[in-house]
Amino acid sequence: MSADQRPPAGIAAATAQAGATSAPGLPSDLSAGATLPRDLDAEAQLPLIQGVTTPGEVTRDVCEPIERGPTKLWYIAIMVSASALLIGAACVAYQVAVGIGTWGLNRTVGWAFDITNFVFWVGIGHAGTLISAVLLLLRQRWRTSINRSAEAMTLFAVMCAGLFPLIHMGRPWLAHWVFPYPNLRGPLWVNFRSPLLWDVFAIGTYFIISAVFWYIGLVPDLATMRDRASGLRRKVIAFFALRWNGSGRTWARWEMACLLLAALATPLVVSVHSVVSTDFATATVPGWHTTVFPPYFVIGAVFSGFAMVLTLMLVARRVMRLEGYITHKHIGAMCKVIVFTSSIVGMAYGIELFIAWYSGSPYEQFAFANRIFGPMGWTYGIMVACNVLTPQLLWFKRIRKSIPAIFAITLLINVGMWFERFVIIVSSLSRDYLPSAWASYTPTLIELGTLLGSFGLFFTAFLIFCRFLPMIAMAEVRAVVAEQQHDAHGHAHASPEVIVPEPAPAERCGLRQVGVFDGPDGLLAAVRDARQRGLHIIDAFTPHPVHGLDDALGRRRSRLPFVTLVCGAIGLSVALWFQYWASSTDWPIDVGGKPFDSLPAFVPIAFELMVLLAGLGTAAALIIRSRLRPDTGSTNVAPPGATSDRFVLVLERVDASLSQDDVGQLWSRHGALDSWTEHES
Amino acid sequence: MTTSRETTWFRSPEERGAGAPRATPEFPCPAPAAAGVDRRAFLRLVGFSFAAASVSACSRGPAQTALTHTGTPEDMLAGKAYWIASTSWADGSGGGVLVRCRDGRPVKLEGNPEHPLNRGGLTASTQASLLSLYDDQRIDGPLLDGQPVSWDALDQAVMQHLDAITAAGGTVRLLSSTLTGPSTRAWIDRFVAAAPGRAQVVYDALSCSAQLDAYEAAYGVRALPRHDLAAAKLLAVFDADPLGTWISPAEYARDYASARKPDGPQADMSRHWQFEARMSLTGTRADRRVRVAPSETAPALAQLAAALAAHAGVPLPGPAPADDALRPELRAALGELADELWQRRRDGLVLCGSNDRDAQLITCWINELLGNQGRTWHLDSPSHQRQGDDRAVEALRQELQAGDVDLLITAGCNPAYDLPGMAEAIATAGAHVSLAGLADETSALASMICPEPHELERWDDAEPRAGLFCTSQPTLPPLRDTRSLRASLARWMGDARDDRELLKAHWREQLDARRPDHELPFEIWFNQVLERGFVQLPAAPVQQPGAFSDATLGQALGAVAAAAATDPAAGSDELRVLLYPKVGLLDGRGAHNPWLQELPDPVTKTTWDNHADLSPATAQRLGLSDGDMIRLSCTDDPSLPALELPVLTQPGQADDVVAVALGYGRAGTDRFTNIGPEWIEAEATVQPGDTIGVNAAPWLSFRDGAFATDTRRASVAATGARREAACTQDHHSLAVPEHLAPKRGAVRDAVHLVALPDLHATGAHGAGESHGGDVELWADDHKPRGHHWGLAIDLTACTGCSACVIGCQAENNVPVVGRDEVRRHREMSWLRIDRYYADKGDGDVDVVHQPLMCQHCGHAPCETVCPVLATMHSNEGLNTQVYNRCVGTRYCANNCPYKTRRFNWFEYGKPDRMQNMALNPDVTIRSRGIMEKCSMCVQRIQEAKADAKRRGEPLADGDIQTACQQSCPSNAIVFGDISDPHSEVSRLASAPRAYTVLEELNLKPGVRYLADVRNTEGAKG
């Protein structure tokens, strides 16, 4: 058995046939035959993954750079970003020690860099979720190469974002007071009407669900790394790889869990930035008090997030030689998302102006006139130039093909989106109702240092991630590669089999027959064959989820969705009940003259808790049901190669009429690379 | 247990209405039963007694001999406030104050409502003087040649000097500010009479010497008439700031407000003309304001006199000004004024603040001609508040320079700072005794320092108006080893009685005989006076004023005409310099008081600095903008030090005039270098060794027997440097910048300004339409229970004097943050006074003031957004801020449309400062990182409620006064229960003039404003 054995390379054929128009082999395939928008662009004719034809190559390409150890460039990069992080840490420490006065805020402008950075980073984070969840639901195959790093980016961006609401507090050491826990102050609960509290729950849920989603997706790749490693490294990785063995049953649950988490994360991503936007939209400040804010913020977040993903990907593919995985096709698709969202953002800017005019409110009208022509009008100029005008260049294919041009545009978008938040927050606050209270704002060095530090934190975390974890979701990319190969070879689909009931366990003889294949096609054929012959299939171990394997194995559909439903329902009802009880029964407090039991105010937190519990429940059910658990890595839990490039089928001979040779024939008929028999231990 | 009470306590009406009422004991935790004290209760009690014992042991006992204003010393309990009546000269007016003391120390000054002078009002300067009591830089005790000595040693030194001088026939001069106390004056007289060669010289830093001279020349009596602004139906003010700084602002403000009541069909609101060169506080309130250059004041008065003479049909006893001496607009305005004055003769009042004898003589004649004497101004009960004689001071200066003074005693004044050339002159005195309590420019020149106690530490009396005798008692044992002027003089004349004995002896010997009620023994009567703080006695027989001397007026008119002819033409490169006192800081006596330094000037809204105020047109002509540093060099006396000041453009100021505030540049003000928070980007309030602002007093000129503030001329040169003003208000108009203004709503609707005829014609007073809808999204189920506290603020009465700002600061422990923080818009005041200009074209502006504090909205936007419930609504309608819950997100401040919330950006408290003794123990000191704001003086509400409960009486309207209301000299602020239809605040809130700010936001504020009504012509159709 040799990993070097490969089927004939079929790049030319793949070039001719692969496309995004159908997705037969995708892990997330829900219903065959769903069509996707036809992409008329010639980019669509290119294969998604170029120059890679086997699962083993994916493993090698992704794992080897990590195993080789860091390069000089990485050291330089981490030193730069860690320095920035240290500067930021020093600034934060100084600010916490001395006071928020070390920021340039004043009695009129109570938020500026802090919340600008917060909204900016939350927005950056959105692309990760969008790519991993929304595109998964939409079966966009091109997401597989970038979703891992995009999700990682989400996590780090949300970490950066979460930092700002924490340190922007006058007394950050009391930050835990924003959580409703039983306490000796009454117990005094929290104000469930405050959008800032909704933020706490939204961001918290977002971080947790994103982390869970990311980690669940990472487990199979960690298993690959574990199986390539040895010594302490193996032990450490094995701990997190949760005894993953690539079993067909686990893959099925894993896919279902991913799908459910994606389904949960998709409304979450919409809700998070909607909630963030209510910080402003529910306020009285002219220029904030705008109903268009939730969609405006969400689309702005997608826009800035995609720009940030692209910025990072363009660097990473170059530095880490991942051009074959992150191809022009990916870049082109993302450029289109950017130009699309940019146009929506531009439309939102226009709607804001229109509504300000149409509202007839002089305060609104002034707020926008002031935004554009007032003392801080230059920030508005930057915002429009970077967010609306510059991305329009991406209509041109030549620009879409030019990596430097795209890189420059995405950088400008990041700048522009930062300024968008700054414009909304600062220009609105600085001149609101009473001219006597108007005041300007200038950032201090501490604030600039803190902003720098947040970038330091982000890039440091990202560099560490690049260095120690697979940047590319190997399992999912393997599936895409396999499918490209499958399409290139022109294999026809086997029709779904009639499910044959499994023989009773009492008839088993205890000898396991193991066959190793180099591709999913052979495995699938062998599975079908074996079942027709009445062989008992113990399990199949694959390096990526194989489409149709579940059906071929005759497995029942996973019951994870039920768990999700129950957990979500519990989260929703407990949250609603608790908010109602705390606000109107336990200690009713008059807040702004509002009714104690106003249900609409309780909706955001109830939603977030529903998602949180559903997501955690789903992940927990996956882990418990599939018996995933931390391990020391001292034994091999997966058949050799099953986490990298080998497709392993384990059978049990239960029909006495079948001889050992018959099983051998089965293996050779379907092109098994290797086979053996082992006694059940 | 507490269940013996019959009252059933309930939390909500629903709960009460429910079938089985859940009785909640008043005290949720059971009180320790008498029979068995358990371990926890025992520990609690022990802990409490220990803490209580420590606390009471730490506090200072009250001054043993003081008599409280309310109640007897037996009532003094630890933690319970008591009041002592006193008298304050901090603003130079001798108003009556009630000193609120807690645990043996004064914590707040309030106006004495019974006092005939200020009737409860108190200026910012007076209220802030509390902080000066606790100034940690006060002189510790007697100093001889800079070395601390005992009083005996110092007295010996002084007496040796006195004896030697008496023996040698030398001269002794006692230089003081106006001292009205009868006992002090008696001792001064004795001291002066004790030996030949001794004399007293009196001066006022804010001099009215020319006015006194004028009355002396006209009537043969050197006296300052009492101006009755309450009786004046027409007030014409020339270059004076009676509502801000002139003579007796608290008294004038109350009178002025009482004459300007616009409500009711028969409203007889007084009309106010103001002629002035710079925008004074009084000018901001004028119905008609005319800009006149300083050189035009006297000719304008002469012109007015001529016009009135024509009305009266009497000959003008001197030359009338030439027709071309005045600008045509000014002539026309004066003509109108003359008509109105003539119509309102006997009810008008013309005031002139210029320290120019000629102008004062003409003013006096006009009032005489109009028959105002005895009606709006009174010479029979003259004011004693200004007695300075500038001529005598100038003579003393020359005497000093000639080396003719062997001993100079300075008391209650700072001539080395206040008077031009005096520092050099004093340095030549043979010997110099200073009685300064705080080291100043003058005491620095003295070899012997006998520090006087602070006003709040001493026995004293005063007679600010003839026949009105006021007293002061110590409110705490002296903090330093000090002795009053009276006691020092007595000691040097061999009388070793203590201060109280001296005072009492004087009253027994001199004043006891004048009281009408002789039934009471003296002791009891005297104690009653002390308790009350003042007594009205028949005035001592004074010289009756003679008939007006027309001859002197003739001379004055001649001089004015001559001066007008020789005045250099306008338009030359020189600017006329006008020196003026600022509200709060006045002549600089409060320069060591951080509250006053940080009090925004009511007109310019600047703090911590003086500026070169220029009219916008002049600034434009000179190519200068706000913050440019300029150097003013005196052209008529090149020996004067140049003044380097930042430019501040001031709308409404006369062109070609540069106005500079006095009172700055005091030595030692670099003590405030680090008054603000210290952090890496912080800028010092003042550089070490430097002073706050610059001293403009050397630019006073001695003219015609008085120190004039407006004769100097200066050339202007930009230095190229810049110095941004620490201004609390960036934008100065209710109109938004023109290029950003929407079609409707170019003017913000915050202040309603309406002409009296328009108000009566239409009842409308708003600038914009009301957007207040009656559609509510949810039921209003939070009706306040019991009380609903609210404020009503009458903008017609408000003068913008900022007394409330300091009142609030003192009451609520509002920290001082320093120049840099103010510049960064982080001032902490809970109550600000917004000042807006409305451009009238031609460089003239209307000015409105609007005190703005937390509006205690029923639908408070701040409350909704706080994540931790740190701000919420009380069931009495208050928007409360719970400091210890606050985590400091500042969301509430962002969401406050009034921007009245204040955030503690740093830890402002400095535990090691003696000034902390001025902190109000009833109000929490806020730590860093939390939000604070106006609480409607909730501590006063609670105290009054507890008192009423103890008395078993319901709380009456007026039992509670907020600090701002209490100190308001013009009664513009009224606090009370809005839910009580008979309360004063309800009456005002339902007045036709009432409105709420930003009504269209439907925030249901608890603060109502009453439109600012001006007695102007109105819209004219």
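This is a dialogue on reading a few features of a predicted model.

Me: Where should I begin with chain B, and how many helices and strands does its secondary structure come to?

Reply: Begin with the overall make-up, keeping in mind that the model is predicted. The secondary structure of chain B comes to 28 helices and 41 strands. Its C-alpha trace spans about 90 × 75 × 65 Å along the principal axes.

Me: What radius of gyration does chain B have, and what would a compact globule have?

Reply: The idea is to set the chain against a rule based on its number of residues. For 1021 residues, a compact globule would have a radius of gyration near 31 Å; chain B has 29 Å, which agrees. Buried residues make up 61% of chain B. Of the contacts with a separation of 6 or more, 73% are between residues 24 or more positions apart. The accessible surface comes to about 36900 Å², and 53% of that belongs to carbon and sulfur atoms.

Me: Which strands pair with strand 18 of chain B, and in what sense?

Reply: Look for bridges between strands. Strand 18 of chain B (residues 468–472) pairs in the antiparallel sense with strand 17 (residues 460–465) over 4 bridges. Strand 18 also pairs in the antiparallel sense with strand 19 (residues 534–536), over 3 bridges. To place single residues, Asp460(B) stands opposite Ser472(B), and the bridge partner of Cys470(B) in strand 19 is Phe534(B).

Me: How many residues lie between the strands in the hairpin of strand 17 and strand 18 of chain B?

Reply: There are 2 residues between the strands, and Gly467(B) in this hairpin takes a positive phi near 90°.

Me: Are the faces of strand 18 of chain B covered or open?

Reply: A residue counts as buried under 20% relative accessible area. In strand 18, 5 of its 5 residues are buried. Leu468(B), Cys470(B) and Ser472(B) cover one side, and Phe469(B) and Thr471(B) are on the other, so both faces are covered.

Me: Is Ser488(B) buried or exposed?

Reply: Ser488(B) has a relative accessible area of 0%, so it is buried. Its place is in helix 15 (residues 485–492) of chain B. Leaving aside neighbours within four places in sequence, Ser488(B) is in contact with Leu435(B), Cys450(B) and Arg483(B).

Me: How many disulfides does the structure hold?

Reply: A disulfide needs two cysteine sulfur atoms within 2.5 Å. The structure holds 0 disulfides over all chains. Cys352(B), for one, is in no disulfide, and the nearest cysteine sulfur, that of Cys208(B), is 10 Å away. Cys352(B) counts as buried at 2% relative accessibility. Cys634(B) is buried too, with a relative accessible area of 6%.

Me: What should I look for in the backbone angles?

Reply: Most residues other than glycine have a negative phi, and most peptide bonds are trans. Exceptions deserve a look.

Me: Which residues of chain B have a positive phi without being glycine?

Reply: Asp656(B) is one of them, with phi near 60°. Asp656(B) is found in the loop between strand 24 (643–649) and strand 25 (657–661). Asn813(B) has a positive phi of about 55° and is found in the loop between helix 22 (803–811) and helix 23 (819–823). Asn813(B) is buried, with a relative accessible area of 8%.

Me: Where is there a cis peptide bond in chain A?

Reply: The bond from Gly186(A) to Pro187(A) is cis, with omega near 5°. Pro187(A) lies in the loop between helix 5 (147–167) and helix 6 (195–228) of chain A.

Key: Residues numbered from 1 in each chain as written. Chains lettered and ligands numbered in written order. Predicted model: local features only at pLDDT ≥ 70, side-chain atom pairs only at ≥ 80, totals over all residues. Heavy atoms only, no water. Buried < 20%, exposed > 50% of the residue type's maximum accessible area, 1.4 Å probe, protein only. Contact = heavy atoms within 4.5 Å. Pairing = 2+ DSSP bridges. Rg over C-alpha atoms; globule rule 2.2 N^0.38 Å. Areas by Shrake-Rupley, 256 points an atom, 1.4 Å probe, with all protein chains shown as cover.
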